[in-house]
Structure formats: structure tokens, C-alpha cells
Amino acid sequence: MADTVTGHDEARLRAALEHAHHPTLALVLVHLTGDTSFLSERYQPAYQAIGGDPDGGLSEEAKAELRDAVFKAMLGYWKTGKIVPKPDTATLKRMMDYCATQPIPDEYVNFAMHELALEGRENLKPGKSIALDRAQAATFKAVIIGAGMSGIAAAIALKEAGIAFEILEKNADVGGTWYDNTYPGCRVDNPNHLYSYSFEADHAWPQHFSTQDQLLAYFQGVAKKHDLYKSIRFNTEVLGADWDEAAATWTIRTRTKDGKEDALVSNAVISAVGQLNQPKLPDIEGLGTFKGPAFHSARWDHSVDLTGKTVGVIGTGCSAIQFVPEIAPKVSHLTVFQRTAGWLAPTPDYHDYITDGKHLLLADVPFYQVWYRFFLFIAMADGPLAYLVKDPAYNRLDYAPNADAAALREGIEQYIREQTAGRPDLTAALTPDFHISGKRSIRDNGVWAAALKRDNVTLETSPIAQVTETGIRMQDGRDLKFDALIYGTGFKASDFLVPMDIKGKDGKSLHDIWGGDARAYLGLTLPGFPNFFIMYGPNTNIVVNGSIIFFSECEANYIVSCVKMLQERKAKSFEVKRDVFDTFNAEVDAANAEMPWGYAEANTWYRNSHGRVAQNWPFRLIDYWNRTREAAPAEYTFR
Ligand code: NAP
């Protein structure tokens, strides 16, 4: 019933509050009432490393008190429209500590304040705080390669700064990975209230971890809202780019889907093609000989009806673990070929829908959305790194880097035992024998083991010898027959910027220089390639701490600050100094060597064919943020 005084639906609010994330309510109350007693011990959540109560174990009484208090505060707010003055810095710090469940170090305060953006999310647009001469900026043109998550972030930053740009996109629409991957069950594995642009965070996600169609619609919506479509050449693949030192320009060579080649000239190039955009087929003998339909998960062939078919799936990474449970009920028999088991990350709400009540709170209760996102942000910021840092005094370093990490591993092993109860064969097969985070962990809410336990599903862990005309021959001599084969075999993550032919100063080829071992300063710039940026470049993938969108925003911000450096020096081009680049890479290599993905003996796309970790950022999230707030002119040469 709508209240006659306020016109608001009090009963709906009451009902919605039952769906609240209660710790978020405590923070809302500080804003609505100024009462900091809700930050006291009684309302303080405490979280476990695995699963556990999203409300952090608050008592039923405490939760009811929070709901009642917010209800009353909202009635007051509806009547007066008034919120008490913004909490002072000390109070905000207490609120952040409350979210982090421990005092956050002082160095995190600015970082956290930035993310909170209490003055409005508009301020979070990358490059927003960097003042450029707009008239000059308009004469500086950048070409962005790729209209996926990073390319869109870059375009918005450049637009905000007044820098001219054009985007070249091989696909027919924006979205990148969310355009390419349409396999059944495809969904994000980072909570959406975090896996969204910081400046476009107020989105009504249907699920905590939404499906591909929702992600694609989000990126399309953001691109439309920021009027980017008119600046994108779709169906246009970049063949290569050549630096012209005399003119200080790049010439970018393109080819459209219908074969028409073209070239365009720009002052800067921003590659935003990602790390996971080139599907990798398995290197198995006879791959092309199979007579039935066969396709890669990232190129799902929707014309193939799998109903009633005998299907073989190679791979058990994040992609396969999402589509196997979807197709298992419809096929007659499914054989899943696993080479290496991945660690599962128990996530009970992985497939849950966000209730109407939660939507109401997110949309209508002041600051609820802000603090809910902040909870996710701070939980996933740098805290999880603690599970990866080696304690030299720990006596089971072959099992885990420290005691907490060992407890986490034991907890997940227990989870796997529970999931596979009654099937000791599956318990053994699904329990990895390497350190957690040696390769990408896989979110799971129980559907993986449930699929593998089905009568019509077999998990094969013995090695494959070859693909044949009719199916797969095992090394033990068995011939398995299939109607269709699906390769969930991942991406050529180490082949950064392949197959583009990029030539920098003196016509030197990027791929010749890299030799399959890609490196860049902050993942972004490299010597010999002036005015050239790579987004989601070498060593910018994060494993446990943060969202990759956060990194892209940092990168977009840095790019704008580089253009500012050029403007201030009236320079035409800039190039990172060799020693800065070398020192950075040495630091990264040393740090990665100490991380599970550096030393664990597991197949992983985190390492390249040289055995070097060219993918991952081994440091803290705050370190990347600090280092990309503004480019340091001393690290660059200018011309
Ligand atoms: P992946 O993690 O690289 O997994 C590839 C799978 O194929 C592995 O199980 C691998 O075994 C197996 N494989 C490869 N070559 C093989 C061969 N010759 N014989 C037998 N098995 C072979 O690929 P992905 O699952 O596509 O995931 C890639 C990344 O994309 C993820 O780590 C994640 O970052 C991202 N992703 C994210 C989401 C999400 O957000 N929800 C979903 C999908 C993917 P080995 O382990 O032994 O190499």
C-alpha cells in the first residue's frame, strides 16, 4: 500500500528489506541518520574464506534492528528528502574499515575514496581529472583496435578528454569476448556489481553473475549511451600498423569482411584486443579428420542440434565447466576429456537471480548501491593476495604458501569431496594436485559435479592419442565414437596482438622483438613503438584481486595522461625509456616467480611457451592504480 503522506510504497520497502545485504544497511544508516552506532561490534560482519553467510554471520536480532532502522530512516527521508551531511573523513574511514572487517591501511584511503565516488560516478570516468587543452586534443587522433570492454573504456576516456578517435572492430557489434562467446551457460565469473564500469555501475543486473546476453546488452547500452557507435568501423579487421617516424604517425591497414582493404592514419594506436580473443584448438594429431561437426566453445555452432547426440568435449576450463552442465541433459551421451582438474571456487549464489526486493534497495535506497559495490570491491581488492604470499617459515610449502592458504585448500578439498560423495573416482579426478591459483580457479555452485555424476556423462582422464574420422582414439587404444566434438580448449593468451603485423621504429616488427614473449611497461607501452598502447596487455591479468574492468579504466586513464605529457612538451611522440621498461619487467618477473602461477606445476594459460608468466600482474591492485593515475614524464623520451 502506498503511504498517503509520502506516496511511497511502505509495504514494498518492508518486504524488500528482507532481501537486504544487511551490512550494507548499516552503512546506509550512517548516511541517512548520521548514527555511527550501527558500525559497532553488534553489527560487524565477519567473513569466511569459502562460501559462508553473505551477511557475515550477523545475528537475526541485529539484522531485524538494521531493517527496522532503515525502514524508519527511509520514511523520514521520503517525507523530508533530507539526508544528513556527508560523513566526515574519519567516519568514512570507519565505514570502510567496517566493510573490510579490519582497519584499512592509510595508503588505501584515497584509493577507496576514489572508488566510492560519493560526489557522483561521473567523476570516475577515466581521464576525468586530467585537464587537456581541448583544441589541441581535437587535432590528435587515436585509433582504437577493438570495441570490447577495454576499447569502450578507452573511447569514453578519449571522448571525455576531447581527443579525436576512431574504433576498428572485426565483429559486427561491440562487446568483444561477450560478443564472441555465445556457448550455452556462458556467464561472467566476477560479481556484476563489480564487473561493470565504475562510472556506469548503476545497472539493474538480473543476476549476481549475469549471462552473456546480459553482458553484451550492457556493453551495447554503454556504447550507445556514450554515442560511440558512430565512431566505430564494424566488420573491419586490422591487418597491421606501421610507424612513420618522420611524420610521427601510425598507418593502420585494415580489411573489411567483404575483402576491401584500406589504410588510415593516426597519431596514436591503442590496441584493445584483449588476451582471450584467439581461440586455441587442441594440438592433437588428426584434428581435422573428424567427419562430424566440431567447433570451439568461442565459436559455438548453434546450427548443430546436440539433442540425442553422442558428444565429446575436450577441456575442463572455465568455458567447459559452464557449457557442460547445460548440454548434458539434452545429449544422449557426453564424454568430457579432462587433462588437468582446476580448483573450484565455491560460489553458492553463482546462478541466483537478484530478487525484486534487492533491485528495489539497489535502485531506491540512497547509498545502498554505492556501499554494496564497495563491499564487493574491498573484499576483492588486495585482501585475497594474502592467500598467495609465501610464508618462508611455513612447513608445508609444497602444499600451500602459508597456513591460511592451506586451510583454504583443505576447505576446497572438502567441498570437492562433498560434491562428489558416492563417487570416489570423481573425487580423485576433480581434486587438483597443485597449488591453488596455479591456474585459474573456476566458480562453482555444484552444477559441475552434478553434471559429471549423470548417468549419460563420462569423465575421461586418460590421455588422448588422436582425433579420428569417427571420434577420439585414446592412448590405451580405445576408439570412442562421437557425433560431435566440442573444443573447450581456451585461447592463445600468450600470442598478444596476433595476427596483427605491427612495425615500430626502423620498421622493426613487434612480434620479431617479442619472439613469443610479450612484455610492456605497465602492460601498456614499449620502447621502439612510439605513441602505441596496449590495453589488457602483457602482465595486466589479475588472478585473485579485483576486476579486469578496473584495470582497463586505469589503462584508459594512463593513456589520456600520456597525451597530456605530449601536449605539455609540445611533442609529437613519446616512447618509454628502455631502462624503465627493463626494470619494470625484472620486478614483474621476480614477483611472478613467487606466485603460485609462477611455481605451481600445472598447465596454464598464465605462462607462455618460454615458461615465463607474461599474463599476470603479481602486485596489488592499488599499485596499478597508483602507477596509472598519471604518466611520469621522467620515464619517457619525447620528440
Ligand atoms: P582454459 O582455461 O585455457 O581451458 C582449456 C582446457 O582445455 C583445459 O582444461 C586444458 O587442459 C584443455 N586442453 C587444451 N588443450 C588440450 C589438449 N591438447 N588435450 C586435452 N586437453 C586440452 O580455457 P577456457 O575454459 O576457455 O578459459 C580461458 C579463460 O577465459 C579463463 O581462465 C577465464 O579467464 C576466461 N573465461 C572466463 C569466463 C567467465 O568469466 N565466466 C568463462 C570462460 C572463460 P589443461 O588444463 O591441462 O591445459
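**Exercise 1. Helix α7 and what comes after it**

Task: Find the residue just after α7 that takes a positive phi, then work out how covered the helix is.

Solution. Start with Gly162, just after α7: its phi is positive, about 85°. A word on what you're looking at: this is a predicted model, where local features need pLDDT of at least 70, side-chain atom pairs count only at pLDDT 80 or more, and totals for chains, interfaces and linings use all residues. Residues are numbered from 1 along each chain as its sequence is written, and side-chain values use heavy atoms, with hydrogens and water left out.

Next, the helix itself. Helices (H or I, at least four residues) and strands (E, at least two) are DSSP runs, numbered from the N terminus. Helix α7 covers residues 149-161, 13 residues in total, and goes 19 Å from its first C-alpha to its last. That is close to the 18 Å expected at 1.5 Å a residue; the expected span is 1.5 Å times one less than the number of residues.

Now the burial. Buried means under 20% relative accessible area, exposed over 50%, and partly exposed in between (1.4 Å probe, protein chains only). Eleven of the 13 residues of α7 are buried, so by that definition the helix is mostly covered. Among them are Met149, Ile152, Ala153, Leu158 and Ala161.

Last step: what does the covering? The list includes α6 (134-137), β1 (141-145), β2 (164-168), α9 (212-225), β7 (268-271) and α17.

**Exercise 2. Into the core**

Task: Which residues have the most contacts inside the largest nonpolar core, and which helix gives the most to this core?

Solution. First, the term: a nonpolar core is a set of buried Ala, Val, Leu, Ile, Met, Phe, Trp, Tyr and Cys residues joined through side-chain atoms within 4.5 Å. The largest one here has 192 residues, and Tyr197, Phe219, Leu334 and Leu497 have the most contacts inside it. Helix α17 (residues 548-569) gives the most, with 13 residues.

Then zoom in on Tyr197. Contact means heavy atoms within 4.5 Å. Setting aside neighbours within four places in sequence, Tyr197 touches residues including Met149, Ile152, Phe219, Arg373 and Ile549.

Finally, there is a second, separate core of 13 residues, which includes Ile314, Ile464, Ile472 and Phe482.

**Exercise 3. One Phe, two ring partners**

Task: Classify the pairs that Phe111 makes with Phe377 and Phe550.

Solution. A pair of aromatic rings is described by the distance of the centres and the angle of the planes. Rings of Phe, Tyr and Trp (its six-membered ring) pair if their centres lie within 6.5 Å; planes under 30 degrees apart count as stacked, over 60 as edge-to-face and the rest as tilted. The structure holds 37 such pairs.

Take Phe377 first. Its ring centre and that of Phe111 are 5.4 Å apart with planes at 50°, so this pair is tilted. Phe111 sits in helix α5 (residues 109-116) and Phe377 in helix α12, so the pair ties together parts 266 residues apart in sequence. Both residues are buried.

Now Phe550. Here the numbers are 5.8 Å centre to centre and 85° between the planes, an edge-to-face pair with Phe111. Phe550 lies in helix α17 and Phe111 in helix α5, so this pair ties together parts 439 residues apart in sequence. Both Phe111 and Phe550 are buried.

Put it together: Tyr108, Phe111, Trp371, Phe374, Phe377, Phe550 and Trp625 form one aromatic cluster.

**Exercise 4. Strand β7, both sides**

Task: Are the faces of β7 covered or uncovered, and which strands does β7 join?

Solution. In a regular strand the side chains alternate between the two faces of the sheet. In β7, Ala268 and Ile270 are on one side, Val269 and Ser271 on the other, and all are buried, with both faces covered.

For partners, remember that two strands pair if DSSP finds at least two bridges between them. β1 and β7 run parallel and are joined by four bridges; Val143 has Val269 as its bridge partner in β7. Three bridges join β7 to strand β19 (residues 532-534), also in parallel, and Ser271 stands opposite Ile534 there.

**Exercise 5. A glycine in a loop**

Task: Is Gly127 buried or exposed?

Solution. Gly127 is in the loop between α5 and α6. Its relative accessibility is 3%, so Gly127 counts as buried. Leaving aside neighbours within four places in sequence, Gly127 contacts Asn557 and Val560. The C-alpha atoms of Gly127 and Cys562 are 10 Å apart, with their positions 435 residues apart along the chain.
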